[in-house]
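Biologist: I should like to learn how to read a structure one feature at a time. May we begin with a helix?

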Amino acid sequence: MKEHVQKFGRFLSGMVMPNIGAFIAWGLIAALFIPDGWLGKWGPAATINNMVGPMLSYLLPILIGYTGGRAVGGQKGAVTGALATLGAIASTESTMFIGAMICGPLGGWCIKKFDEKMEGHIPAGFEMVVNNFSVGIIGGILAVLSIFVIGPACVVITNILGSGVEFLVNHGLLPFTAVLVEPAKVLLLNNAINHGVFTPIGTAQALEAGKSILFMIESNPGPGLGLLLAYCVAGKGETRSSAGAAAFIQFVGGIHEIYFPYVLMNPIVILGPMIGNMAGIFTLSALGGGLVAAASPGSIIAEVLMTPPGGYMANFAGIGIAAVVSFAISVFLLKFFGKDASLAEAQAQVAASKAASKGQSVSAESTTGASVDIHSVKKIVFACDAGMGSSAMGATMLRNKLKDAGITGIEVIHHPVSEIPGDCQIVVTHHELSGRAAQRAPQARIIPIHNFMGAPEYDALVEELLEARKGGATPAPAAPAEAPKEEVPAAGILLERKNIVLNCAPVTPEEAIRACGKRMVESGYVDEAYIQGMLDREASFSVAIGSHVAIPHGTNDVKPLIKRTGVVVMTYPEGIDWNGDKVKLVVGIAAKGEEHLEVLGRIVAIASTDDDTDKLVASADPEKLYQNLNGLA
């Protein structure tokens, strides 16, 4: 039950959290430029204030609908979800956050089901026509449906929720929400509560009143601060020495999760933050406290930035009293009811809960999924987001390692994570995709990795397979010998000399992707719209695969835009900071079929480690690369 609640909560908050920046922008613009704002009397303020209404009524709900649609149905689902959301917006003057949370996933689900029904039935050359018209027709139908059904239904739901909040406020019951909020936070439902419930309702309240107390119910850093300071006074050993730094991180950095292990060590101390938050909410209600927009993360800095003019005393009082009450109760509980416990164990428990709440797994063996008899393994699948680049490289590396070890009879293939075949026994995938892989292939053992190029898990798996065969297991029958592959003729060269570009100056990842895409377009490999698919692929899952290599390529949605297979190679000797990874070799891919795998296999052979790639880039010669990567040397 807990897992289902967490999953639903994650889904709700997952539509809002990626767009929190837009909510903050709206809150800041409103706080500064509404007539009663900080700069409300400034000459241009009235013009700037014209953005406040459209941002709330149109931009924010459409962003939520777009995000929800994309989570379910990819890029096409995102557009369909946005269209459906617009219908809900047009049906009423109410703010359609709840409508967006319904319309977005509904649009993604509808387009996903349509694509599943049409798979394999679209004539060659008509893919783009069917894709575009299906989004337009289904999105249009859902938009009309939203006007007459979803929009009015959401108005009723919004009114009920608004009345419920008003009832709690009018009867002094709002503080009792802390009884649910604080335990739910420790169960990793804090984002679901804050961004899935309080942010949508609070934003609508802030439009009318200029602020909302709902923004501070979950984000108030006072209760957690009080608990951690209590451990500084009444804690023992490691917990006492670590609590001071944790208090600073929680209060200033807004990372509330840092105090969850301290609660799990002594569950009774949850009463401290719970009663402290109740006192803080009561104070805020009495003094008229609240924020103009969501404070994310819940740090004192974010609380100050989102406080409206004239609201500092009330908000500081709410935070301060929550901290004092939480501290006093937590100290009492620790002195009389506290018990010795391991902070490390509690932190591990939080890590496991957090991984589970994200559909991942924590395991000493770095494996998840079903238990598989290692002797019976005949098919290993490498899965990545698109199944075209990083998974193909990883499959080539493992295939070579199995061959070097003399292990035969095991097929190693690559697929998108959404299309893992049902007859595989082992799936190797990036750790961020392991949850999706486990859902797609429940029968398989999942091996999560961090680096497709140089993962130590490859050698461990090969060793495990070798040990199984040494143990007396009957070896699987050898795979049929493949017919020797013909040398690529000149007319079928995948890497042209003009597309080998050396010694490029450092750029951003987006600029590197666009540079590859531009050469693909100029070479007649793809339509120009394919470049956006490459950027979308990077946005959803990084194409930096380790060993200082990145392989930009498009999403599944833009495969119909590929005219013929081609490869672009660009070197960056000084390196590119690729979202935390260093990249020196960029290999752009446009692949209609499997032809590009030979080129990727040759790259694996010469760039399997950081040092290999660095040496290759430092001494790169265009003609040598042309000969080697096309298999002509």
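Modeller: We may, bearing in mind that this is a predicted model. Helix 19 covers residues 509-522, and at 1.5 Å a residue its 14 residues should span 20 Å. The C-alpha atoms at its ends are 20 Å apart, so the expected span and the model agree.

Biologist: Which residues of helix 19 are buried?

Modeller: A residue counts as buried when its relative accessible area is under 20%. In helix 19 these are Pro509, Ala512, Ile513, Cys516, Gly517 and Met520. They lie on the same side of helix 19, because the arc they cover around the axis is only 130°. Lys518 and Glu522, on the other side of helix 19, are exposed.

Biologist: What covers the buried residues of helix 19?

Modeller: The cover includes helix 20 (530-540), strand 9 (566-578) and strand 10 (581-590). Just after helix 19 comes Gly524, with a positive phi of about 80°.

Biologist: Why is helix 9 described as largely enclosed?

Modeller: The description follows from a count: ten of the 13 residues of helix 9 are buried, so the rest of the structure largely encloses it. Among the buried ones are Gly222, Pro223, Leu225, Tyr231 and Ala234. The length of helix 9 (residues 222-234) can be tested as well: the expected span is 18 Å, and the end C-alpha atoms are 18 Å apart, which agrees.

Biologist: How should I read a strand?

Modeller: In general, the side chains of a regular strand alternate between the two faces of the sheet. Here, consider strand 4 (residues 426-430): five of its five residues are buried, so it is largely enclosed by the rest of the structure.

Biologist: Which residues stand opposite Val427?

Modeller: Val381 stands opposite Val427 on one pairing, and Ile446 in strand 5 does so on another. Strand 2 (residues 379-384) runs parallel to strand 4 and is joined to it by four bridges. Strand 5 (residues 445-449) also runs parallel to strand 4, with five bridges between them.

Biologist: How does one read a nonpolar core?

Modeller: The general idea is that in soluble globular proteins, nonpolar side chains tend to be buried together. In this model the largest nonpolar core has 42 residues, and Trp26, Leu60, Ile64, Leu214 and Ile217 have the most contacts inside it. Helix 2 gives the most to this core, with eight residues. A second, separate core has 25 residues, including Cys504, Ile562, Met570 and Ile576.

Biologist: Is Thr85 buried or exposed?

Modeller: Thr85 is buried, its relative accessible area being 0%. This residue belongs to helix 4 (residues 52-90). Leaving aside neighbours within four places in sequence, Thr85 is in contact with Pro61, Ile62, Gly65, Ala100, Cys103 and Gly104.

Biologist: How many aromatic pairs does a search of the whole structure find?

Modeller: The search finds four. One of them joins Phe33 and Trp42 in a tilted arrangement, 6.2 Å centre to centre with 35° between the planes. Phe33 is buried, with a relative accessible area of 12%, whereas Trp42 is partly exposed at 47%.

Biologist: Why is the pair of Tyr231 and Tyr262 called edge-to-face?

Modeller: A pair of aromatic rings is described by the distance of the centres and the angle of the planes. The centres of Tyr231 and Tyr262 are 5.1 Å apart and their planes stand at 65°, so this pair is edge-to-face. Tyr231 lies in helix 9 and Tyr262 in helix 11 (residues 260-265), so the pair ties together parts 31 residues apart in sequence. Both Tyr231 and Tyr262 are buried.

Note on methods:
Residues are numbered from 1 along each chain as its sequence is written. This is a predicted model: local features need pLDDT of at least 70, side-chain atom pairs count only at pLDDT 80 or more; totals for chains, interfaces and linings use all residues. Side-chain values use heavy atoms; hydrogens and water are left out. Helices (H or I, at least four residues) and strands (E, at least two) are DSSP runs, numbered from the N terminus. The expected span of a helix is 1.5 Å times one less than its number of residues. Buried means under 20% relative accessible area, exposed over 50%, partly exposed in between (1.4 Å probe, protein chains only). The arc is that of the directions from the helix axis to the C-beta atoms. Contact means heavy atoms within 4.5 Å. Two strands pair if DSSP finds at least two bridges between them. A nonpolar core is a set of buried Ala, Val, Leu, Ile, Met, Phe, Trp, Tyr and Cys residues joined through side-chain atoms within 4.5 Å. Rings of Phe, Tyr and Trp (its six-membered ring) pair if their centres lie within 6.5 Å; planes under 30 degrees apart count as stacked, over 60 as edge-to-face and the rest as tilted.
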